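Here are a few notes to read alongside the structure. They cover some helix packing and one pocket.

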Amino acid sequence: MRKVWVVVRREFIERVRNKWFIASTILGPILMGALIVVPILMAERGGRERTIVVVDVTTSDFGRRVTDRFSGRVPVQATRLAVPLDRLEAVADSLAGLVGTQAEQAAIDGFLILTDATVEDGSAEYRGGNVSSLVDMSVLERVVREVVLVERLNRVGVDPALVSRATIPVSLTTVGIRGGKATEDSGEATFLLAYALWFILYMAILLYGAQVSGSVVEEKTSRVIEVLISSLRPFELLGGKIVGVGAVGLFQFLIWGISGKVMLDQSETIAGWFNVDLAGATSFSLPVVPASTIVIFLVYFFLGYFLYAAMFAATAAMSGSEAESRQAQFPVIMLLMIPTVLMLSILQQPDGEVAVALSLIPFCSPIAMPVRWAAAEVPIGEVALSIALLAATLLLVTWVAGRIYRVGILMYGKRPNMAELARWVRTR
């Protein structure tokens with residue numbers, strides 16, 4: 001055990017002192033804050049009042065009503081320009097010269113072309129430099145649709161005011177239920193928590209597992225492994241590497257968690273540095289992370305990390321170079337990708353057959369079960385069965401990986417085939 005601890009200490013200190021570890025640890029909290037502040041800043045900058053021209057080619061006052069509808073209700077300054085049909089293209093070409101792709105260069109942002117066909121079949125055309133803005137296009141479409149509806153109702157003798165009162169939008173508030181009691185989390189907050197757990201677990205298992213692989217390949221190609229094996233058994237070296245790198249990951253998570261907690265507590269102060277009204281900009285509350293969710297996260301992180309780290313180490317041991325190691329890792333990464341590809345299915349139906357099956361399959365459960373747990377209430381029996389299957393698979397995979405590792409780290413040349421790997425596993 002003392003020798004394993006020496007390897008753990010060496011792997012931990014070597015990585016913690018690495019400049020990339022220090023940089024990523026510092027950049028983590030900065031990126032967390034940026035993910036909150038930057039989109040709000042961009043939205044505020046992109047939320048300036050737009051200037052458009054309503055090119056009215058209609059034979060009625062429909063274009064005037066659309067122009068009036070923009071006034072005061074939406075961040076669009078609209079000017080009506082009545083144009084005969086035969087001069088439409090000439091006027092459109094002239095207006096196109098006034099459209100700029102940047103605010104300081106643009107006399108107008110674009111122009112909206114309305115014809116009699118707009119009321120008949122709902123066809124309208126907008127030409128501008130902001131056509132890629134989904135928000136702007138949604139505003140334009142909504143205004144035109146509202147005026148078209150009023151025009152059609154008037155034509156058939158229906159009072160638009162009655163229809164407006166009958167179609168008042170419904171505001172649906174979503175509240176999660178756990179253990180028969182309502183929680184404080186909304187549906188959006190629950191989704192955000194589940195999505196965050198998926199992202200953290202996927203990236204952590206993949207990145208730290210790859211670090212174990214990189215360490216094995218580096219020591220093997222530099223022949224340092226031959227010196228280490230003279231004083232350590234292969235399984236001690238393998239165990240020390242996996243635990244040491246895992247400790248680095250846990251240490252980094254701890255720093256990020258403390259930093260995230262401080263940033264959330266001081267979010268309004270931080271937002272004030274950028275003149276951002278965080279309370280007004282946030283459309284949903286941040287999720288509350290229960291202690292049970294933290295426990296589930298840590299249990300599946302450790303078991304999942306050890307499972308995949310053992311497989312990464314085995315693939316590295318049977319490879320003779322970094323390039324071969326990356327190729328050999330592909331099947332392992334594909335196993336980790338399965339719950340990632342099906343994550344939306346898990347979130348939409350946490351109790352569905354796909355979600356339940358993935359949370360019980362050991363190679364998928366490290367990601368699938370925490371996501372299910374965050375999204376809905378999971379029976380304790382299923383959690384216990386999932387952990388038992390994952391732990392049993394971990395023991396089996398670690399045993400097989402250890403057999404491959406002890407032979408592979410001293411083998412050079414071409415990568416072994418399946419028959420040779422089977423022989424390595426059977427060798428005592």
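1. A bit of vocabulary before we start: a crossing is left-handed if the near helix is turned anticlockwise from the far one by less than a right angle, and right-handed if clockwise. Keep in mind, too, that this is a predicted model.

2. With that in hand, take α16 (residues 353–360) and α17 (residues 365–375): α16 passes α17 in a left-handed crossing. On the α16 side the contact uses A355, V356, L358, S359 and L360, and on the α17 side S365, A368, M369 and R372. Sorted by class, the residues of this contact of α16 with α17 are 6 nonpolar, 2 polar and 1 charged. As for geometry, the two helices pack at an angle of about 130°, and their axes are 7 Å apart. That angle is why α16 counts as oblique to α17.

3. Moving along the chain, α17 also packs on α18 (380–408), with axes that come within 11 Å and cross at roughly 165°. Angles over 145 degrees count as roughly antiparallel, so α17 is roughly antiparallel to α18. This crossing of α17 and α18 is left-handed. From α17 the contact takes S365, P366, M369, R372 and W373, and from α18 I380, E382, V383, S386 and L390. The class count for the contact of α17 with α18 is 6 nonpolar, 2 polar and 2 charged residues. S365, M369 and R372 of α17 are worth clicking on, since they appear in the α16 contact and again in the α18 contact.

4. How do α13 and α14 pack? Their angle is about 155°, with the axes 8 Å apart, and that makes α13 roughly antiparallel to α14. Here the crossing is right-handed. Y308, M311, F312, T315 and A316 of α13 touch S325, A328, Q329, V332, I333, L335 and L336 of α14. This contact of α13 with α14 has 9 nonpolar, 3 polar and no charged residues.

5. Now the second largest pocket, which holds about 410 Å³ of space. Which helices supply at least two residues each of its lining? They are α13 (291–317), α14 (322–341), α18 and α19 (418–426), and α18 gives the most, with 5 residues.

6. The lining of the second largest pocket comes to 18 residues, with A314, T315, M318, I404 and L421 nearest the centre. By class, this lining has 16 nonpolar and 2 polar residues, and no charged ones. T315 is one to look at twice: T315 lies among the residues nearest the pocket centre and also takes part in the contact of α13 with α14.

Note on methods:
Residues are numbered from 1 along each chain as its sequence is written. This is a predicted model: local features need pLDDT of at least 70, side-chain atom pairs count only at pLDDT 80 or more; totals for chains, interfaces and linings use all residues. Side-chain values use heavy atoms; hydrogens and water are left out. On a 1 Å grid over the protein atoms alone, a cavity is a set of points where a 1.4 Å probe fits but cannot get out, and a pocket is an open set with protein on both sides within 12 Å along at least five of seven lines; lining residues have an atom within 4 Å of a point. Grid points are joined across faces, edges and corners, and a volume is the space filled by probe spheres set on the points. Helices (H or I, at least four residues) and strands (E, at least two) are DSSP runs, numbered from the N terminus. Ala, Val, Leu, Ile, Met, Phe, Trp, Tyr, Cys and Pro count as nonpolar, Asp, Glu, Lys and Arg as charged, and the others, Gly among them, as polar. Axes are lines fitted to C-alpha atoms, for helices over the stretch in contact, and angles run from 0 to 180 degrees between N-to-C directions. Angles under 35 degrees count as roughly parallel, over 145 as roughly antiparallel, 65 to 115 as roughly perpendicular and the rest as oblique. Contact means heavy atoms within 4.5 Å.
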